[in-house]
Amino acid sequence: MVNFTSREIRDILISMLVIGGVFAYVFRGINHGDFISLIPVALVAVGFGFVFHELAHKFMAVRYGFYAEYHLWVQGLILAIVTAALGFVFAAPGAVYIHGQYISKEENGKISIAGPLTNIALAIIFFVILLVAPYSSLLSLVCSLGFTINSFLAFFNLLPVFMLDGAKVFKWNPLIWLVTIAVAFVMMTYPYVVAYMF
C-alpha cells in the first residue's frame with residue numbers, strides 16, 4: 001500500500017512548481033513566449049518527468065516492502081533557480097529516501113532503474129502523441145519538449161556515476177544497464193540526427 005505524508009505531498013507540489021517555473025523561464029527565451037503561459041507547458045513536459053521519476057522509485061521500493069518518502073532538496077531548488085537565471089537549468093529538486101533492514105543488489109537495481117524507465121515511457125508517449133494527434137502548435141511544443149527532456153533525464157540518470165541511478169543499475173546487471181542507456185541515448189540524440197539528415 002503506497003501512502004503519502006502531508007509533508008511529502010507538499011514537497012512534491014513545491015518541486016513541481018519550481019521545476020515548471022525555472023524551465024518556463026528558460027523556454028521563454030528559446031521560444032519567445034510569455035513566462036506565465038509557458039508554466040503549464042513546462043509543468044506537463046518537464047515537471048511530470050521529474051516527479052514521476054521519483055515516484056517510480058517510491059512505488060518500486062514499497063513493492064519490495066521498504067518505506068520510501070520523497071523529500072525536496074532546498075539547495076537543489078535554489079541551484080535550479082540560479083542556473084535558470086544564467087540561461088540553463090541544472091535541477092535536483094529532491095529524492096526518494098528509502099528505509100529498510102537490508103536492500104539486496106537486485107532490489108536496489110530494480111528500484112533505481114524504475115525512474116529512468118518511467119522517463120523513457122513518458123518520452124515515448126509524448127513522441128506517439130506528436131505523430132498521431134492533429135497538429136497544434138501548443139501540443140507540438142509540449143510533446144517535443146516532453147520527448148526531449150524525458151529522454152535526457154533517462155540518459156543522464158543512467159550514467160554510471162556515484163549517486164545516480166546508473167551506478168546502482170550497473171552493479172546489479174551490466175547488460176540491462178547497457179541496453180537501457182543505449183535506448184535512452186538513441187532517443188536523446190534522435191532529434192539532432194533527424195535535423196542533421198534533413
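**Helix geometry, buried contacts and the largest pocket**

In this predicted model, a kink of about 45 degrees is found at Y190 in helix α7, shortly before the proline P191. Helix α7 contains 24 residues, which at 1.5 Å a residue should span 34 Å; the C-alpha atoms at its two ends are 32 Å apart, in agreement with that expectation. The buried residues of α7 are W177, T180, I181, A184, M187 and M188. Many of the spacings in such a list can be read with one general rule in mind. An α-helix has 3.6 residues a turn, so residues three or four places apart point the same way. The buried residues of α7 pack against three other helices, namely α4, α5 and α6.

Helix α4, one of these partners of α7, covers residues 105-132. For its 28 residues a span of 40 Å is expected at 1.5 Å a residue, and the end C-alpha atoms are indeed 40 Å apart, so the two values agree. Helix α4 also carries a kink, of about 30 degrees, at A114, shortly before the proline P116. Within the same helix lies S112. This serine has a relative accessibility of 2% and therefore counts as buried, the cut-off being under 20%. Apart from neighbours within four places in sequence, S112 is in contact with H57, D165, K168 and V169.

A third helix, α2, consists of 29 residues, for which 1.5 Å a residue gives an expected span of 42 Å; its end C-alpha atoms are 39 Å apart, which agrees. Helix α2 bends by about 45 degrees at L43. After α2 comes G65, a residue with a positive phi, near 90 degrees.

The loop between α5 and α6 was examined through two residues, L158 and M163. L158 is located in this loop and is buried, because its relative accessible area is 0%. When neighbours within four places in sequence are set aside, the contacts of L158 are P116, G166, W177, T180, I181 and A184. Of these, W177, T180, I181 and A184 also appear among the buried residues of α7, while P116 is the proline that follows the kink in α4. The C-alpha atom of L158 is separated by 9.2 Å from that of L178, a residue 20 places away along the chain. M163 belongs to the loop between α5 and α6 as well. In contrast to the buried L158, M163 is exposed, since its relative accessible area is 58% and the cut-off is over 50%. The phi of M163 is near 85 degrees, a positive value in a residue other than glycine.

The largest pocket of the model has a volume of about 1,100 Å³. Its lining comprises 35 residues, and those closest to the pocket centre are E54, F156, N157, M163 and L164. Two or more lining residues come from each of the elements α2 (35-63), β2 (94-99), α4, α5 (137-157), α6 (165-172) and α7 (174-197). The greatest contribution is that of α5, with 6 residues. By chemical character, the lining of the largest pocket divides into 23 nonpolar, 8 polar and 4 charged residues. The three helices described above for their bends, α7, α4 and α2, are thus also represented in this lining.

Notes:
Residues are numbered from 1 along each chain as its sequence is written. This is a predicted model: local features need pLDDT of at least 70, side-chain atom pairs count only at pLDDT 80 or more; totals for chains, interfaces and linings use all residues. Side-chain values use heavy atoms; hydrogens and water are left out. Helices (H or I, at least four residues) and strands (E, at least two) are DSSP runs, numbered from the N terminus. The expected span of a helix is 1.5 Å times one less than its number of residues. The bend at a residue is the angle between axes fitted to the seven residues ending there and the seven starting there. On a 1 Å grid over the protein atoms alone, a cavity is a set of points where a 1.4 Å probe fits but cannot get out, and a pocket is an open set with protein on both sides within 12 Å along at least five of seven lines; lining residues have an atom within 4 Å of a point. Grid points are joined across faces, edges and corners, and a volume is the space filled by probe spheres set on the points. Ala, Val, Leu, Ile, Met, Phe, Trp, Tyr, Cys and Pro count as nonpolar, Asp, Glu, Lys and Arg as charged, and the others, Gly among them, as polar. Buried means under 20% relative accessible area, exposed over 50%, partly exposed in between (1.4 Å probe, protein chains only). Contact means heavy atoms within 4.5 Å.
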